[in-house]
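This briefing is meant for a reader who is meeting the structure for the first time. Please keep the sequence and the 3D view at hand while reading, and go through the topics in order.

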Amino acid sequence: PDLKDIDPTVLKHCHAAAATCILEAGKQKADISAISTCLEDCKLDKERIEQFCTEYQCRDLVTVVSFSIGRSPLHITDVSWRLEYQIK
């Protein structure tokens, strides 16, 4: 409900970026100082960096994100085709 005013496309991109950051940090076994330096370079404020690092330290976040992706590779679920042509 708090995110209903945000454009769904922007929200989807933000979620993908956050999930990528979490998974890459977990894959690289990054420590908190490396993560906070990276987030500072991305111009996040101190409060959000501290909150992210606190959640990341639990390591449950990495597990939740990795299991939400699933075990199967991504695949197309729906396609809509449209044929356009001109008769001259």
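**Ser36 and the overall fold**

Ser36 has a relative accessible area of 16%, and because buried means under 20%, Ser36 counts as buried. The model described here is a predicted one, and Ser36 has its place in helix α2. Leaving aside residues up to four places away in sequence, Ser36 touches Ile49 and Cys53.

**Overall make-up**

- The secondary structure of the protein comes to 4 helices and 0 strands, and from the N terminus on the elements run α-α-α-α.
- Of the 88 residues of the protein, 16% count as buried.
- Among the contacts between residues at least 6 apart in sequence, 56% join residues that are at least 24 apart.

**Helix α1**

- Helix α1 has 20 residues, which at 1.5 Å a residue should span 28 Å, and its end C-alpha atoms are indeed 28 Å apart, so the expected and the computed span agree.
- The buried residues of α1 are Ala19, Ile22, Ala25 and Gly26.
- Seen down the axis of α1, these buried residues fall within an arc of 135°, and they therefore line one face of the helix.
- On the face of α1 that is turned away from its buried side, the exposed residues His13 and Lys27 are found.
- Just after α1, Lys29 takes a positive phi of about 55°.

**Helix α2 and the loop that follows**

- In helix α2, which covers residues 32-41, the buried residues are Ile35, Ser36 and Leu39.
- Because these residues cover an arc of only 95° around the axis, they are on the same side of α2.
- An α-helix has 3.6 residues a turn, so residues three or four places apart point the same way.
- The buried residues of α2 pack against two other helices, namely α1 (8-27) and α3 (46-57).
- Lys43 is found in the loop between α2 and α3, where it has a positive phi of about 70° although it is not a glycine.
- Is Lys43 buried or exposed? With a relative accessibility of 73%, Lys43 counts as exposed, because exposed means over 50%.

**Helix α3**

- Helix α3 has 12 residues and reaches 16 Å from its first C-alpha to its last, which is close to the 16 Å expected at 1.5 Å a residue.
- In α3, the buried residues are Ile49, Phe52, Cys53 and Tyr56.
- These residues cover an arc of only 95° around the axis, so they are on the same side of α3.
- The face of α3 that is turned away from this buried side carries the exposed residues Glu47, Glu50 and Gln51.
- Two of the buried residues of α3, Ile49 and Cys53, are also the residues that Ser36 of α2 touches when residues up to four places away in sequence are not counted.

**The largest pocket**

- The largest pocket has a volume of about 520 Å³.
- Which elements give two or more residues to the lining of the largest pocket? They are α1 and α3, and the largest share of the lining, 5 residues, comes from α1.
- The lining is made up of 12 residues, of which Cys14, Ala18, Leu44, Arg48 and Phe52 lie nearest the centre of the pocket.
- By type, the residues of the lining divide into 9 nonpolar, 1 polar and 2 charged.
- Phe52, which is one of the lining residues that lie nearest the centre of the pocket, is also one of the buried residues of α3.

Key: Residues numbered from 1 in each chain as written. Predicted model: local features only at pLDDT ≥ 70, side-chain atom pairs only at ≥ 80, totals over all residues. Heavy atoms only, no water. Buried < 20%, exposed > 50% of the residue type's maximum accessible area, 1.4 Å probe, protein only. Arc of directions from axis to C-beta. Contact = heavy atoms within 4.5 Å. 1 Å grid on protein atoms, 1.4 Å probe; cavity = no way out; pocket = protein on both sides within 12 Å on 5 of 7 lines; lining within 4 Å. Points joined across faces, edges and corners; volume = space filled by probe spheres on them. Nonpolar A, V, L, I, M, F, W, Y, C, P; charged D, E, K, R; others polar. Expected span 1.5 Å × (residues − 1).
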